[in-house]
Amino acid sequence: MREDEEPLLTRLWRLVRSDIPGVRQGLIGTALVALGALVWAWFFASPQDLSLDLNAVQECSQGRLIYIRKKFDDPTTPLTNGADMLTICDTESLQTTRPELPHDLSIRFPGCLVWRGKESGGLIMVRKSDAVCALPDGKGFVCDGANARHSSGTSAIGDSVDPVKPCSDDTLRRFGFRP
């Protein structure tokens, strides 16, 4: 750089500080328009896309429904009939949006979950399904995503006092609950 050249930022700063009519107003106006665009996008943008990777290994830690519920549009949505202790294990990720997440979980895994709306029980675990099993020592339940693609019917929902069949050793090993 030659001695008689000013750095670009110095020239811009000098322009901002100048009394040239319109320079300050133009810069302030531009900043306000940008801020307005951000506010508009925050409140009126389309629902956020969401991708859930439920992992079918290492105890399917990303498939715990109690944590997935925090991503719902309304994180107070009820999880009933044992759904609050359910972990979904699946090899395929789920692409959805926050408002549709509870419904889409029940569509993808009808053998594990039924969606009846927030006021009618929320997400309900299907207790008498071949796709749902109980972990040892009452530590929760596992939804085998690959086996949960078909509905078991409304009678399979059962009641919260109905026992859930225990997970087989093969299932526990396959999803990383047992070495």
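Is Lys 118 buried, partly exposed or exposed? In this predicted model, Lys 118 turns out to be partly exposed, because its relative accessible area is 31%, which falls between the 20% and 50% cut-offs. Its salt-bridge partner is Asp 74, and the closest N and O atoms of the two are 2.4 Å apart. Lys 118 sits in the loop between strand E5 (113–115) and E6, while Asp 74 sits in the loop between H3 and E2, so this pair ties together parts that are 44 residues apart in sequence. Asp 74 also counts as partly exposed, at 28% relative accessibility.

That pair has company, as the count of salt bridges comes to 9. Take Asp 73 and Arg 98, whose side chains meet in a salt bridge with an N to O distance of 3.9 Å. Here the loop between helix H3 (65–68) and E2 holds Asp 73, and the loop between strand E4 (94–97) and helix H4 (101–108) holds Arg 98, so parts 25 residues apart in sequence get tied together. Asp 73 is partly exposed at 48% relative accessibility, and Arg 98 is partly exposed too, with a relative accessible area of 28%.

Next comes a salt bridge between Asp 144 and Arg 174, with the closest N and O atoms 3.2 Å apart. Distant parts of the chain are linked by this pair: Asp 144 belongs to strand E8 and Arg 174 to helix H5 (residues 169–174), 30 residues apart. Asp 144 is buried, because its relative accessible area is 6% and the cut-off for buried is under 20%. Arg 174, on the other hand, counts as partly exposed at 39% relative accessibility. Salt bridges can also join up into a network, and one such network links Asp 90, Glu 92, Arg 108 and Arg 149.

Now for the inside of the protein. The largest nonpolar core has 25 residues, and the members that touch the most others are Leu 65, Leu 86, Ile 88, Leu 105, Cys 112 and Leu 113. At least two residues of this core come from each of strand E1 (49–52), H3, E3, H4, E6, E7 and E8. Leu 65 gives a good view of how such packing works: leaving aside residues up to four places away in sequence, Leu 65 touches Leu 79, Ala 83, Leu 86, Ile 88, Leu 105, Leu 113 and Leu 123. Apart from the largest core lies another one, made of 9 residues, including Cys 133, Leu 135, Cys 167 and Phe 175.

Strand E3 is worth a look of its own. In a regular strand, side chains alternate between the two faces of the sheet. Both faces of E3 are covered, with Leu 86 and Ile 88 buried on one side and Thr 87 and Cys 89 buried on the other. E3 runs parallel to strand E8 (residues 141–144), and 4 bridges join the two. Within that pairing, Leu 86 has Phe 141 of E8 as its bridge partner.

Loops can be tucked away as well. Asn 81 lies in the loop between strand E2 (79–80) and strand E3 (86–89), and Asn 81 is buried, with a relative accessible area of 13%. Polar atoms of the Asn 81 side chain lie 2.9 Å from the backbone oxygen of Ile 157 and 2.9 Å from the backbone nitrogen of Ser 160. Beyond its sequence neighbours up to four places away, Asn 81 touches Ile 124, Met 125, Arg 127, Ile 157, Gly 158, Asp 159 and Ser 160.

Val 126 is another buried loop residue, at 2% relative accessible area, and its loop runs between strand E6 (123–125) and strand E7 (132–134). Its contacts, again not counting residues up to four places away in sequence, include Pro 110, Cys 112, Val 132 and Ile 157. The C-alpha atoms of Val 126 and Thr 80 are 9.7 Å apart, although 46 residues separate the two along the chain.

Other loop residues face outwards. Gln 58, in the loop between E1 and H3, is exposed at 67% relative accessibility. Gln 58 is not a glycine, yet it has a positive phi of about 50°. Asp 137, in the loop between E7 and E8, is exposed with a relative accessible area of 72%. Asp 137 likewise has a positive phi, near 60°, in a residue other than glycine.

Terms used: Residues numbered from 1 in each chain as written. Predicted model: local features only at pLDDT ≥ 70, side-chain atom pairs only at ≥ 80, totals over all residues. Heavy atoms only, no water. Buried < 20%, exposed > 50% of the residue type's maximum accessible area, 1.4 Å probe, protein only. Contact = heavy atoms within 4.5 Å. Polar contact = N/O pair within 3.5 Å; in protein donor to acceptor, adjacent residues only side chain to side chain. Pairing = 2+ DSSP bridges. Salt bridge = Lys/Arg side-chain N within 4 Å of Asp/Glu carboxyl O. Core = buried A, V, L, I, M, F, W, Y, C linked by side-chain atoms within 4.5 Å.
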